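Hi everyone, thanks for making the time this morning. Let me put the sequence and the structure up on the screen, and then we can walk through them together.

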Amino acid sequence: MLTLKHIGKTYPNGVRALDGVSLDVELGEIVAVVGGSGCGKSTLLRAISGLDRPTQGAVVFKDDIISEPHEKIGIIFQEPRLLPWLTVAENVGFGLADRPKDERKARVARALERVGLTEKANVWPRELSGGQAQRVAIARALVARPEVLLLDEPFSALDAFTRIDLQDHLLDLWADQKPTLVHVTHDVDEAIVLADRVVVMRPRPGRVADEIVIDLPRPRDRQSAAFDFAKRRVLAALDRSLDRAVRVDDGETKSEAGAALWW
Amino acid sequence: MSFEAEGATASESKPAGERVVRWARPVLGLLLPVGLALGWEIVVWLGISDGRLVPPPSRIYEEFAELARSGELLRHLIATLMRVAAGFGLGTLAGTLLGAIAGYSGLVRRLVDPSLQGLRAVPSIAWIPLFILWLGIFETSKVALIAVGVFFPIYLGVMDAILSVDRKIVEVGRVFRLSGAGMVRRILLPAVLPTYVVSLRSGLGLGWMFVIAAEFMGASEGLGYLLIDGQQLGKPTEIVAAILAFAVLGKATDAILAAVMAPFLRWQDVFKPAGEQ
């Protein structure tokens, strides 16, 4: 289990990015973190990954206090961050350098097959499209078999079709090993398609404003009424988190206004 | 490589013309020098000029042939090449090591970099008198001067390259928990390689520049000696022959360096089509 205990982060210039964020994430759970810009979503993720240390509180994973990157915690960034001097296969196998060559080759091949890029194994990253590059980044993170996978707005730079495609793909991959996912996004639809629970954050300083459990069976139908209802709840929570007066009109106009304005 | 790709796209609609385009472009660059040389040859042949101070190509060729026949050319070439090789090797070694350490460690950078930047402001030729006093007039002082010339671009290039490695790429190494050595070998070295190759090439260019200065300060062999000898004996053919030899050697060593490093930079080439490795 992953536990955040009163995480606070104050930057050296005095900006308080996070204040008293507490969260328990169960094994295999998918948690989406949404919130307006500047609410410390990425700061939170970097603290969990061990890339940055919180100034107050602690991130605890299986009795370890996280102070540097952990073997069992992987992260996928907003950009693919592939190493341009390695082929696609070498990029995927980057974290397996200490494994025997045969095992490494087999695991890389399986991971590439799983993201549908077997025929791209020997090309350079520059030859990939944005969506393909992000799939390679996903394969690189998953091939190390993390127990927790952090995703920092991984699909935000992609076009709408590719994004939906990759969301489904991510769920499919998640089903293999059922790692815990903490997924930061500003796309409410994405949060509801993926998550068991949506954590809404409020800015200045970043705090948890609300938690909404999404109790819909998977695969989730983006057109269904239940999906829309969940979306309205999240948007309303976002509106509240920004201290925006929630108008008492019918739900339709409210959600439209929220969808357009909250971020 | 980029030229080939350009040529290919330019003649895509007309594949028959492709070969012509591919050959025509470098030939264009030869038009001016070859034209001038031929023109001068004709002017001298017609007796309009005696070509004593500005020798025509045929006399330069004769001088070359004479130098080559007597074995003089080879002796001078080897002397100069050995000096450049030794100075370039030493300068590269020192520049790479110090540049890497200064780039990697902020403390070392703050300690060492200001002094080195101060020394860099001194024109390297100003060291000649001191080097002669310290190291004598023979090979050591010459190699030292070349090494100093080579050192600075490489030191600066390596340090700058390390300081400008993308933080995002470094974080990938951190996420996969690379050790210090692993970080250097698997992230920093490949990331700085393109800049490093550029600094090696400019270092080599400076090496060729400084070998002349070094040979001017008193040498009994080498291309720089040929230049001085030609001046003192009033033989412009010898001077031009030495200059041409410099041009050929400089270009050839640069091409070799670029070719040796090219396989390590294949990932960079944006023009290469997908199927090709």
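Helix 1 of chain A, residues 41-49, lies across strand 3 (30-35), strand 6, strand 7 (148-152), strand 8 (180-184) and strand 9 of chain A. Its direction is at about 150° to strand 7 of chain A. Contact here means heavy atoms within 4.5 Å. Axes are lines fitted to C-alpha atoms, for helices over the stretch in contact, and the angles run from 0 to 180 degrees between N-to-C directions. Helices (H or I, at least four residues) and strands (E, at least two) are DSSP runs, numbered from the N terminus.

Before I go on, a word on what you are looking at: this is a predicted model, where local features need pLDDT of at least 70 and side-chain atom pairs count only at pLDDT 80 or more, while totals for chains, interfaces and linings use all residues. Residues are numbered from 1 along each chain as its sequence is written, chains are lettered from A and ligands numbered from 1 in the order in which they are written, and side-chain values use heavy atoms, with hydrogens and water left out.

Helix 5 of chain A, residues 160-177, lies across strand 3, strand 7 and strand 8 of chain A, running at about 160° to strand 8 of chain A.

Now the sheet itself. In chain A, six strands make an open sheet in the order 6-7-8-3-9-10, with mixed pairing; two strands count as paired if DSSP finds at least two bridges between them. Strand 6 (73-76) and strand 10 (207-213) of chain A are at the edges with a single partner strand each, so one side of each has no neighbour in the sheet. From one strand to the next, the twist averages 20°.

Which strands does strand 8 of chain A pair with in the parallel sense? Strand 3 of chain A does so over four bridges, with I30(A) opposite L181(A). Strand 7 of chain A does so over five bridges, and there L151(A) has H183(A) as its bridge partner. For the antiparallel sense, look at strand 9 (residues 197-202) and strand 10 of chain A, which share six bridges; V200(A) stands opposite D210(A) there.

Why is strand 8 of chain A largely enclosed by the rest of the structure? Because five of its five residues are buried, meaning under 20% relative accessible area (exposed is over 50%, partly exposed in between; 1.4 Å probe, protein chains only). In a regular strand the side chains alternate between the two faces of the sheet. In strand 8 of chain A both faces are covered, with T180(A), V182(A) and V184(A) buried on one side and L181(A) and H183(A) on the other.

Over to chain B, please. Here we have 11 helices and zero strands, and 39% of the 277 residues are buried. Among contacts between residues at least 6 apart in sequence, 68% join residues at least 24 apart.

Take helix 10 of chain B, residues 223-232: L223(B), G224(B), L226(B), L227(B), D229(B) and G230(B) are buried. Those buried residues pack against helix 3 (57-69), helix 4 (72-104), helix 9 (180-216) and helix 11 (236-261) of chain B. After helix 10 of chain B comes G234(B), with a positive phi near 65°.

One last stop: I42(B) sits in helix 2 (residues 18-45) of chain B and is partly exposed, at a relative accessible area of 45%. Thanks, all, and I am happy to take questions.
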